[in-house]
Amino acid sequence: MQNNPCFVAPWRCLSQCIKEGGTAFSKAHGCELWDLASRNPEVNGIFNEGMACTSKIVMRAILSHYKDGFNNIRSLVDAAGGIGGHVAEIVRAYPHIKGINLDLPHVVATAPKYEGVSHVAGNMLDAIPNADAIFMKRILHDWNDESCVEILRNCKIAIPEKTGKLIIADIVLKTDDHCDKFDDIRMAMDLVMFALTCGKERTEQEWKKLLEEGGLLPL
Ligand SMILES: C[S@@+](CC[C@H](N)C(=O)[O-])C[C@H]1O[C@@H](n2cnc3c(N)ncnc32)[C@H](O)[C@@H]1O
């Protein structure tokens with residue numbers, strides 16, 4: 001996916017972005033990634049398949065490490081879940097969960113059917129379907145702080161006030177001199193966000209601030 005000319009072009013606009021502001025993807029294509037995908041079925045397919053493919057590895061790790069986290073949930077929305085493979089895997093492992101996959105209409109239109117999962121075409125910046133829990137993987141890093149707060153406020157509305165759960169699977173940047181084998185991928189993903197979206201990777205402090213502003217942590 002990353003070698004496709006459509007996804008390479010924004011990398012040539014990074015210095016222009018630093019000088020002028022704006023997003024590299026829209027400088028290269030005249031619109032944001034989600035708009036181009038909605039008009040171009042080839043880009044839509046490449047992106048959705050690319051996401052589904054890398055997700056298989058991450059979902060295996062999430063399901064083997066977050067076991068108890070899914071136990072008390074009866075319904076789960078995968079917010080911006082792409083073509084729905086992740087929530088389908090969660091439902092396969094926890095068949096008592098009713099799975100809902102929310103994504104934009106052009107994405108949901110190409111999604112396969114999965115047992116126990118319903119697809120909902122919608123815009124998470126407007127509203128998120130109600131459920132016991134919301135799962136968001138690789139989503140908030142696509143957005144600037146202002147849009148993240150809007151999304152988080154919609155999450156808060158969609159889940160029960162006392163027992164609701166929000167499960168975020170995203171990168172946490174390190175701020176100290178700590179070095180580990182994931183340093184390169186953290187930096188690479190931050191650059192990918194700069195090239196393809198208006199988002200970025202965030203430190204623990206930055207995550208906390210977003211969650212507070214979204215009403216999900218006490219201020
Ligand atoms: C980086 S992909 C991640 C997909 C999936 N969560 C995963 O981890 O593979 C971002 C997803 O957000 C969806 N998306 C973008 N804007 C959206 C919106 N306003 N409402 C719902 N989904 C949106 C895109 O269509 C895409 O499927």
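**How the ligand sits in this model**

In this predicted model, the protein has a mean pLDDT of 95, and 100% of its residues reach 70 or more. The predictor also gives the complex an ipTM of 0.99 and a pTM of 0.95.

User: Why is Arg138 called partly exposed?

Analyst: Happy to explain! Its relative accessibility is 22%. Buried means under 20% and exposed means over 50%, so Arg138 falls in between and counts as partly exposed.

User: What makes the pairing of Arg138 with the ligand a polar contact?

Analyst: A polar side-chain atom of Arg138 lies 2.8 Å from an oxygen atom of the ligand. The cut-off is 3.5 Å between N or O atoms, so this pair qualifies. Taken alone, the ligand exposes 590 Å², of which the protein buries 97%.

User: Which polar atoms of His86 and Met124 lie by the ligand?

Analyst: For His86, a polar side-chain atom is 3.2 Å from a ligand oxygen atom. For Met124, a polar backbone atom lies 3.0 Å from a ligand nitrogen atom. Both pairs are within 3.5 Å, so they count as polar contacts too.

User: What is notable about the phi of Ala80, and where is this residue found?

Analyst: Ala80 has a positive phi of about 60° although it is not a glycine. Ala80 belongs to the loop between strand S1 (75-79) and helix H6 (85-93), and is among the residues that come nearest to the ligand.

User: How do the shell residues around the ligand divide?

Analyst: There are 10 nonpolar, 5 polar and 4 charged residues. Helix H5 (residues 41-65) supplies the largest share of the shell, 3 residues.

How values were computed: Residues are numbered from 1 along each chain as its sequence is written. This is a predicted model: local features need pLDDT of at least 70, side-chain atom pairs count only at pLDDT 80 or more; totals for chains, interfaces and linings use all residues. Side-chain values use heavy atoms; hydrogens and water are left out. A residue is near a molecule or strand if one of its heavy atoms lies within 4 Å of it. A polar contact is a pair of N or O atoms within 3.5 Å; within protein, one must be able to donate a hydrogen and the other to accept it, and residues adjacent in sequence count only if both atoms are side-chain atoms. Accessible areas come from the Shrake-Rupley method with a 1.4 Å probe; for residues, only the protein chains shown count as cover. Helices (H or I, at least four residues) and strands (E, at least two) are DSSP runs, numbered from the N terminus. Ala, Val, Leu, Ile, Met, Phe, Trp, Tyr, Cys and Pro count as nonpolar, Asp, Glu, Lys and Arg as charged, and the others, Gly among them, as polar. pLDDT is the predictor's confidence in each residue, from 0 to 100. Buried means under 20% relative accessible area, exposed over 50%, partly exposed in between (1.4 Å probe, protein chains only).
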